[in-house]
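Here is a short briefing to read alongside your structure viewer. It goes through the sheet, the helix contacts and a few local details, so feel free to follow along on screen.

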Amino acid sequence: MKTICLYFEIHQIIHLKRYRFFDIGTDHYYYDDYENERTIANIAEYSYVPALDALSEMIKKNDGYFKVAFSLSGVGLEQLELHAPQVIEKLQKLNETGCVEFLAEPYSHGLASLINEESFAAEVKRQCNKIKELFGQTPTILRNSSLIYSDDIGLQVSQLGFNGMLTEGAKHVLGWKSPHYVYNCALAPNLKLLLRDVTLSDDISLRFNNSEWEGYPLFADHYIDRISRFPDEEKIINIFMELSALGIAQPLSSNILEFMKALPVCAKAKEITFSTPSEICASTKSVGNLDVPDTLSWVDEERDVSSWLGNPMQREAFNKLYSVADRVRIASDPRINQDWDYLQASNNFRFMTTKPSVMAIDRGIYSSPFDAFTNYMNILGDFINRVNSLYPEDIDNDELNSLLTTIRNQDEEISMKDKEIVRLQTKIEKIEVANDKLRIKIEKTGSQTKKTVTTKKTEVKKAETEAKKE
């Protein structure tokens, strides 16, 4: 039986303000608060709220048949909590249905997985803690920023304890293979990989409202028919996109939500189910390794990381930012950490791209890639000065390495203690269950004994009465 894995990403760009060279050292606040509030209020009104309402309706009307997964960046969650808390509330209501899974991803929606393993691991753990706090779920499947993946990244994700990972079903990686199977990481066979069906996903997220597209108009029954006609052995259909595709990329006037609402009904008629990523990873065996020596993503035709690191400006900004990654971790200053999250976000580097793209790039306040680079580097100059003031750049390397080792050891110790706490909590729960069973058994035994004694007393009284009569 075929199953559809439907996944949505929620991330919010943090808009930087115009920051001049002469602001360095005097102004340590880098953000355009008005634009941040305006954009998230707009996307919440025209996309997130109506889309989540539609998904909620789909779950209720289909009585558990329809399921969906989300991943939310930490910085996106912060903006929602601040400017659009109603979105969080709707996600929590969806979570209560039991038909929704929340995935792990880097807190900043950044590119740390490409350069600094410890920063990447720390971000993923923080985002998992945020998901646990808001929704009570502990993610077991990871989705990296923009589906970025390679064999090396997969190995690290496996070492972090995840069971599976989402990535792109890119043609240059798959070759003759189909994305409709479960694969596994070439360096970590226990990490299962779910690959996005590029065509089916983009038909909804990119082309749905394009009247010049040969597939226009797209109807739910035709869409499901295409899925049903895949070979019987191709059972896993992964449809991944941004939630903002529903309402922003494809406006509500296009009837995109009506199309989505019809999918479960049409799928059920064809005996096609819906599953969450963790359900698929738990129930489906891998058909083999997927070799990805070079990094891939879901962005642009190349499906690589050139949109963020394709020119010298981007690489200079990227390397300069992560040159202080270890010092930021040592400094552990709340304000520095927040700025670190926002400056890592991948859109900061995307604004600097010089490559042509089929997708129009909204550069916001920037007139050109060089303008984006200049503004970012001015901010980065001030940020690095602040980091170095907390932990000087000329500090002895041996001392720095010693501190880093101490931090790693502390992280490992905390991780071991967390596992021990979980083990003890599980043990306590088992003891409590055993106690409850024993108490019920004793109560039943006591009840039966009382009944027996009562019966015997009744028999004795009856016998005495009969004896008196005689």
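The points below are grouped by topic.

Please keep in mind that this is a predicted model. One part to look for is an open sheet of five strands with mixed pairing. Another is a set of helix pairs, including H1 with H9, whose axes come within 9 Å, and H14 with H16, whose axes come within 11 Å. Across the whole structure, a search finds 26 salt bridges.

**The five-stranded sheet**

- Reading across the open sheet, the strand order is E4-E5-E7-E6-E12, and the pairing is mixed.
- The edges are formed by strand E4 (141-143) and strand E12, each of which pairs on one side only.
- Strand E5 (residues 164-168) runs parallel to E7, and five bridges join the two.
- Within that pairing, Thr167 is found opposite Leu195 of E7.
- Helix H5 (residues 151-159) packs on this sheet and touches E4, E5, E6 and E12. The direction of H5 makes about 90° with that of E6.

**Strand E6 and its two partners**

- On one pairing, strand E6 (residues 182-185) is antiparallel to strand E7 (residues 192-196), with three bridges between them.
- Val182 has Leu194 in E7 as its bridge partner.
- The connection from E6 to E7 is a hairpin of six residues.
- E6 also pairs with strand E12 (residues 289-290), this time in the parallel sense and over two bridges.
- In the pairing with E12, Asn184 sits opposite Asn289.

**Helices H1 and H9**

- Helix H1 (residues 33-61) and helix H9 (residues 256-269) have axes that come within 9 Å and cross at roughly 20°.
- H1 and H9 are therefore roughly parallel to each other.
- The crossing of H1 past H9 is right-handed.
- On the H1 side, the contact uses Pro50, Ala51, Ala54, Glu57 and Met58, which meet Leu257, Met260, Lys261 and Pro264 of H9.
- Sorted by class, the residues of the H1 and H9 contact are seven nonpolar, no polar and two charged.

**Helices H14 and H16**

- The axes of helix H14 (residues 334-344) and helix H16 (residues 369-390) come within 11 Å, with a crossing angle of roughly 150°.
- That angle makes H14 roughly antiparallel to H16.
- H14 and H16 cross in a left-handed way.
- From H14, the residues Arg335, Ile336, Asp339, Trp340 and Leu343 meet Tyr376, Ile379, Phe383, Arg386, Val387 and Leu390 of H16.
- This contact of H14 with H16 has eight nonpolar, no polar and three charged residues.

**Helices H2 and H3**

- Helix H2 (residues 74-83) packs against helix H3 (residues 85-95) at an angle of about 110°, and their axes are 5 Å apart.
- H2 and H3 are therefore roughly perpendicular to each other.
- H2 brings Leu77, Leu80, Glu81 and His83 to the contact, while H3 brings Pro85, Val87 and Ile88.
- The class count for H2 with H3 is five nonpolar residues, one polar and one charged.

**A salt bridge and two backbone details**

- One of the 26 salt bridges found in the whole structure is formed by Lys17 and Asp27, whose closest N and O atoms are 2.7 Å apart.
- Lys17 and Asp27 are 10 residues apart, and both lie in the loop between strand E1 (3-10) and H1.
- If you inspect the backbone, look at the peptide bond from Tyr216 to Pro217, which is cis with omega near -10°.
- Pro217 belongs to the loop between helix H7 (198-205) and helix H8 (220-228).
- Asp63 is not a glycine, yet it has a positive phi of about 50°.
- You can locate Asp63 in the loop between H1 and strand E2 (68-72).

Notes: Residues are numbered from 1 along each chain as its sequence is written. This is a predicted model: local features need pLDDT of at least 70, side-chain atom pairs count only at pLDDT 80 or more; totals for chains, interfaces and linings use all residues. Side-chain values use heavy atoms; hydrogens and water are left out. Axes are lines fitted to C-alpha atoms, for helices over the stretch in contact, and angles run from 0 to 180 degrees between N-to-C directions. Helices (H or I, at least four residues) and strands (E, at least two) are DSSP runs, numbered from the N terminus. Angles under 35 degrees count as roughly parallel, over 145 as roughly antiparallel, 65 to 115 as roughly perpendicular and the rest as oblique. A crossing is left-handed if the near helix is turned anticlockwise from the far one by less than a right angle, and right-handed if clockwise. Contact means heavy atoms within 4.5 Å. Ala, Val, Leu, Ile, Met, Phe, Trp, Tyr, Cys and Pro count as nonpolar, Asp, Glu, Lys and Arg as charged, and the others, Gly among them, as polar. Two strands pair if DSSP finds at least two bridges between them. A salt bridge is a side-chain nitrogen of Lys or Arg within 4 Å of a carboxyl oxygen of Asp or Glu.
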